[in-house]
Amino acid sequence: MGFERISLTARLAAWMRQFSDIPFAAEVARRLHARETFEALLREHDMEPEDLLWYAPVFEGRYRAVERAIRESGAAEVLELASGLSLRGLAMTADPTLTYVESDLPELTEEKAALVAELRRDMALPDHGNLHLAAADALDLAQLRAAAAPLRPGQPAAIVSEGLLPYLLPDEVKTLAGNVRELLAELGGVWITPDFALTSDVGDVSERQRRFRAVIAAATERRMHTSTFADEGEVHAFLRGLGLRATVRRVADEPLHLVSPERLGLSRETVEAVVRRLRVWIVTLDAGAR
Ligand SMILES: C[S@@+](CC[C@H](N)C(=O)[O-])C[C@H]1O[C@@H](n2cnc3c(N)ncnc32)[C@H](O)[C@@H]1O
């Protein structure tokens, strides 16, 4: 299946987030030597930083929109799948009333455990014992159930996934959504994801985006966006078929303050073009389907 190669994209995301004011983002990029990964990618593909950096607001906006949705869900129990190196759990568990499980593939989780320990030590971060790092393949329900073990029973959960679906094949997306459905049935709560991509958004790409995807495809040995949906209606139909229902929130309708555009000197048009495509899906069990 080769999911491990996708882990490289977590480094790329970490690199992109350093231009934001997301907690730990600058530290993470520095400590992971994400710059080396980034520069090697550029060299290999004969590209300039400007060819990729316009993407930074996507990573900042996605992180912030998901964070907002978690807070607004009111859930105090969070299980994040494919959480990569965004360390949202480390940031959010500064609140001791929250339990947060960051799960990802084993190798990445091991690397993250060392990174979190280093940050805790160097930044004197308090440890309330409410952040859990778990190795789990998001396509394996038994592994997800084990990862969810620290969540307090009887409390609604937020299951979060950000940036995984674009790398999955259609069958894998179905497996993932089915797994989340099972977890929602067992735990109660919502699935929060910005990941359902529409063909219209994904197809309408600039030359720069095409090149970005070529870089990612070469690095991960996976083509991005093989599992897109014709429109929002098709996402709803897909989820309904699995006993799920969704509401969609468009970031353009509820703007977020993003700092990376200014730090990178990006034009308003560039930023609007990427933000226009950002949506967060809030998915629950479809009571009528059960
Ligand atoms: C683009 S990164 C996103 C990471 C993080 N959510 C973020 O926004 O920075 C994709 C992540 O998916 C993880 N991944 C890939 N296949 C996976 C699988 N089958 N199960 C769990 N995680 C997976 C990778 O290790 C990587 O961390």
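This report describes the sheet, the salt bridges, the largest pocket and a few single residues of one structure, which is a predicted model.

**The sheet and its helices**

Seven strands make up an open sheet, and their order across it is β3-β2-β1-β4-β5-β7-β6, with mixed pairing. Its edges are formed by β3, residues 131-135, and β6, residues 244-250, each of which pairs on one side only. From one strand to the next the twist averages 20°.

Helix α7, made of residues 106-122, packs on this sheet and touches β2 (99-104) and β3, and the direction of α7 makes about 155° with that of β3. Helix α9, residues 170-187, lies across β1, β4, β5 (189-193), β6 and β7 (279-285), and α9 runs at about 150° to β5.

**Strand β1 and its neighbours**

Strand β1 covers residues 77-81 and pairs in the parallel sense with β4, residues 157-161, over five bridges. Within this pairing, L81 stands opposite S161 of β4, while the bridge partner of E80 in β4 is V160. Strand β1 also runs parallel to β2, to which it is joined by four bridges, and here L79 stands opposite V101 of β2.

How many of the five residues of β1 are buried? Five of the five are, so the strand is largely enclosed by the rest of the structure. Their side chains are divided between two directions, with E77, L79 and L81 pointing one way from β1 and V78 and E80 the other way, and all of them are buried.

**Salt bridges**

The count of salt bridges in the model comes to 24. The table gives three of these pairs with the distance between their N and O atoms.

| Pair | N to O distance |
|---|---|
| R64 and D21 | 3.1 Å |
| E67 and R64 | 3.0 Å |
| E80 and R88 | 2.8 Å |

R64 takes part in two of the pairs listed, with D21 and with E67. In the pair with D21, R64 lies in helix α5, residues 56-73, whereas D21 lies in the loop between α1 (8-17) and α2 (25-31), so this salt bridge ties together parts that are 43 residues apart in sequence. R64 has a relative accessibility of 16% and therefore counts as buried, while D21, at 39% relative accessibility, counts as partly exposed. The other partner, E67, lies in helix α5 together with R64, and these two residues are three residues apart, about one turn of the helix. Like R64, E67 is buried.

The pair of E80 and R88 brings the description back to strand β1, since E80 is one of the residues that point away from that strand. E80 is buried, with a relative accessible area of 1%, and R88 also counts as buried, at 0% relative accessibility.

Beyond single pairs, a network of salt bridges links E27, R30, R31, E118, R121 and D122.

**The largest pocket**

The volume of the largest pocket is about 210 Å³. Its lining consists of V251, A252, P255, L256, L258, P261, L266, R268, V271, E272 and V275. Which helix gives the most to this lining? Helix α14, residues 268-275, does so, with four residues.

**Single residues in loops**

Two residues other than glycine have a positive phi value and are described here together. F24, with phi near 70°, lies in the loop between α1 and α2, and this is the loop that also holds D21. With a relative accessible area of 15%, F24 is buried, because the cut-off for that word is under 20%. The other such residue is L87, whose phi is near 55°, and L87 is found in the loop between β1 and α6 (88-92). L87 counts as buried at 0% relative accessibility.

Is A149, in the loop between α8 (141-147) and β4, buried or exposed? At 59% relative accessibility A149 counts as exposed, since the word applies over 50%. The C-alpha atom of A149 is separated by 9.9 Å from that of H132, and these two residues are 17 residues apart along the chain.

Note on methods. Residues numbered from 1 in each chain as written. Predicted model: local features only at pLDDT ≥ 70, side-chain atom pairs only at ≥ 80, totals over all residues. Heavy atoms only, no water. Pairing = 2+ DSSP bridges. Axes fitted to C-alpha atoms, helices over the stretch in contact; angles between N-to-C directions. Contact = heavy atoms within 4.5 Å. Buried < 20%, exposed > 50% of the residue type's maximum accessible area, 1.4 Å probe, protein only. Salt bridge = Lys/Arg side-chain N within 4 Å of Asp/Glu carboxyl O. 1 Å grid on protein atoms, 1.4 Å probe; cavity = no way out; pocket = protein on both sides within 12 Å on 5 of 7 lines; lining within 4 Å. Points joined across faces, edges and corners; volume = space filled by probe spheres on them.
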